[in-house]
Amino acid sequence: MSYRENEKKLRFIITARSGYIKGNAWVIPEDGELNIGRDPTCSIIIDDPLISRHHCQLFISDDELIIRDLGSSNSTFVNGHPIKEKVLRPGDDIGVGSIVFSVGTVIPEGSVTGDETKKLRATRPIKIGAPVFIEGSPQNLFETGNPRTAEELAGLFLLARQLSQLYKVEDIINHALKVIQERFNPNIFCLIQFTQDPSQNYIYPKSATQAITSTPQLIQLLSQIREMPRGVLYPERFYKNGETVIRNTVIAPIALGKEVIGALVMMADTPHRFYEEADLEYLLAMAHTLAPYLRAAERMQQLEWENQRLISGGINFDPLIGDSKAIQKVRALARDCAHSDLCVLILGETGTGKELVARLIHNLSYRSQKKLVIVNCAAIPEELFESELFGHEKGAFTGAHATKIGLMEEANNGTLFLDEVGDLSLNHQARLLRAIETGTFRRVGGNSDIRVDVRVLSATNKDLPSEVSAGRFRRDLFHRLNAFVISIPPLRERIEDIALLADYFLQQVRRKYPVRATRFSSQALKWLENQPWHGNVRELRNLIERASIVAKNEEIQLQDLVTELSVYTPEKFPTLEELEKNHIIKALQQTQGNVVSAAEMLGIGKSTLYRKIAEYQINPSIYLNMK
């Protein structure tokens with residue numbers, strides 16, 4: 001009975017375990033042969049003087065893998081013994097010159113069923129299309145007495161020592177990725193940091209994003225290991241140029257106990273590499289080594305941000321007001337993306353506080369000690385946009401009497417916030433895209449490039465995908481800006497924040513003006529919570545400011561709000577200064593120009609009223625004897 005009678009359609013694979021081609025793997029063709037030697041016509045060409053031009057040949061016969069020596073000068077060895085021809089089994093070692101190959105097997109989709117969550121062994125075949133989960137607890141790693149254990153432990157010790165000298169999250173991630181590249185040489189590799197919203201997981205490096213997010217099975221596996229931290233080995237088969245290619249994806253959760261904070265992922269295609277359980281075990285060990293250092297760096301950054309907040313007195317460090325789940329999610333996303341240099345696109349209706357979210361991201365970032373430069377793209381005339389954003393040289397155009405530094409240059413080493421970016425013309429979008437991608441630009445009238453280091457945040461209330469489809473917004477700029485997206489919910493979807501916001505705006509007015517109002521009646525608050533707030537937080541703020549000025553008592557009543565809302569439309573709302581001026585004039589009219597009596601009526605000191613009268617250029621004498 002042949003070895004394969006119980007394993008239908010078993011596919012053999014050989015992997016180089018030593019020499020300069022270490023890690024490369026080849027699938028043995030079912031209807032062909034694989035030749036090894038120095039001749040350019042060989043399937044595996046090895047530049048080794050110990051190897052003959054045509055050294056040996058592997059082929060499948062009667063469902064078994066056969067190796068045949070082709071009259072080589074230095075023989076072909078199987079498990080240390082010279083052979084002429086021999087049937088190979090999974091786990092056998094093939095010695096060809098200074099190179100050692102190991103024999104393995106893979107099983108096509110649908111050929112084997114059963115529990116795939118177990119500890120693998122070198123001779124166990126791997127099923128194509130079926131992920132294998134390994135319980136990768138630290139105490140179980142290397143328990144099989146792998147012959148490379150000493151080497152791997154030394155590598156992990158060196159990794160831990162190097163990580164202990166790094167303090168920034170990005171430095172730790174970059175070093176871990178460097179080690180993965182040097183050891184495993186994968187086609188694609190990345191570190192994923194998990195966020196509360198899986199669709200917003202941060203992927204380092206960004207170039208791996210497409211490979212990760214475009215594979216539904218991989219997304220599902222990442223979701224599974226987030227719930228239960230286990231290592232994953234996931235082989236897939238596809239055809240390239242008529243050849244069978246096996247892609248192995250290896251996933252190792254970065255976990256502290258049961259809390260999974262991220263994952264290491266690497267992929268490789270044959271014949272480039274073929275990963276087995278030993279590779280997964282080592283990646284798991286790397287992830288366990290990395291986890292405490294990554295978490296410590298995250299905590300250190302959070303402490304630094306908290307220290308900045310305390311130093312600043314907490315003023316405007318977190319400008320978002322509210323405790324609803326919706327606003328907490330916005331805060332969490334802002335924290336997740338703050339420590340990176342990713343472009344962030346902030347979406348939301350008019351008046352939801354997009355600029356405040358941009359300020360929060362900047363305040364939480366390592367650029368917080370540098371400038372946050374805000375550009376209102378909708379407010380700058382089209383013909384002046386390039387001059388405002390990039391600056392101009394003296395004499396560049398009529399009226400350019402001196403060199404002007406643009407807003408992008410002003411934001412160097414800081415953050416550039418492009419508000420209402422959806423209103424840019426296509427021509428300006430092209431200039432902006434180039435500046436963001438290259439980090440360079442030229443001033444208007446200039447002949448040399450200026451290089452800057454800026455973090456770009458942008459915001460819009462438009463539906464940018466629809467704008468892209470309509471041809472009004474560049475697709476490449478859209479993909480550049482939305483590397484990380486934060487959507488701010490409208491006020492009507494976070495009703496529980498309205499009372500907090502209303503009180504916050506009232507206290508702001510009290511600090512600025514001598515108003516009587518100190519709180520809201522329950523009826524007034526209930527009415528506020530039932531409004532549609534089409535203008536969102538901005539509309540609420542305007543209403544509270546005006547109601548607090550006209551309120552006659554310490555408690556703002558429903559009629560104070562309703563009167564304001566019914567008398568003034570959003571387009572005709574007067575400013576606070578206008579309201580205050582008119583209120584002072586009414587008091588002077590009722591007291592016939594008597595400033596002392598008017599001050600008592602307004603509930604303020606006469607010196608304060610005299611100052612306000614001078615500020616608003618009011619002449620009290622014209623109200624003398626007025627009836």
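**Exercise 1.** Determine how close the N and O atoms of Asp453 and Arg367 come, and where the two residues lie.

*Solution.* Step 1: Asp453 and Arg367 form a salt bridge (a side-chain nitrogen of Lys or Arg within 4 Å of a carboxyl oxygen of Asp or Glu), with 2.8 Å between their closest N and O atoms. Step 2: Asp453 sits in the loop between strand E25 (450-451) and strand E26 (455-460), while Arg367 sits in the loop between H7 and E20; the pair links distant parts of the chain, 86 residues apart. Helices (H or I, at least four residues) and strands (E, at least two) are DSSP runs numbered from the N terminus. Step 3: Asp453 has a relative accessible area of 37% and is therefore partly exposed; the classes are buried under 20%, exposed over 50% and partly exposed in between, with a 1.4 Å probe and protein chains only.

The model is predicted: local features need pLDDT of at least 70, side-chain atom pairs count only at pLDDT 80 or more, and totals for chains, interfaces and linings use all residues. Residues are numbered from 1 along each chain as its sequence is written, and side-chain values use heavy atoms, leaving out hydrogens and water.

**Exercise 2.** Find the network that salt bridges with shared partners form around Arg367.

*Solution.* Step 1: Arg367 also forms a salt bridge with Asp341, the closest N and O atoms being 3.2 Å apart. Step 2: Asp341 belongs to the loop between helix H6 (325-338) and strand E19 (344-347), and Arg367 to the loop between H7 and strand E20 (372-376), so this bridge ties together parts 26 residues apart in sequence. Step 3: Arg367 is buried, because its relative accessible area is 2%, whereas Asp341, at 34%, is partly exposed. Step 4: Asp453 bridges to Arg367 as well. Shared partners thus join Asp341, Arg367 and Asp453 into one network.

**Exercise 3.** Describe the salt bridge between Arg295 and Glu259, and classify each residue as buried, partly exposed or exposed.

*Solution.* Step 1: The closest N and O atoms of Arg295 and Glu259 are 3.0 Å apart. Step 2: Arg295 is in helix H5 (residues 277-311) and Glu259 in strand E18 (residues 259-269), 36 residues apart. Step 3: Arg295 has 12% relative accessibility and so counts as buried; Glu259, at 41%, is partly exposed. Step 4: The salt bridge count comes to 24.

**Exercise 4.** Locate Leu364 and state its C-alpha distance to Ala338.

*Solution.* Step 1: Leu364 is in helix H7 (residues 354-364). Step 2: Its relative accessible area is 6%, so Leu364 is buried. Step 3: Leu364 and Ala338 are 5.7 Å apart, C-alpha to C-alpha, with their positions 26 residues apart in sequence.
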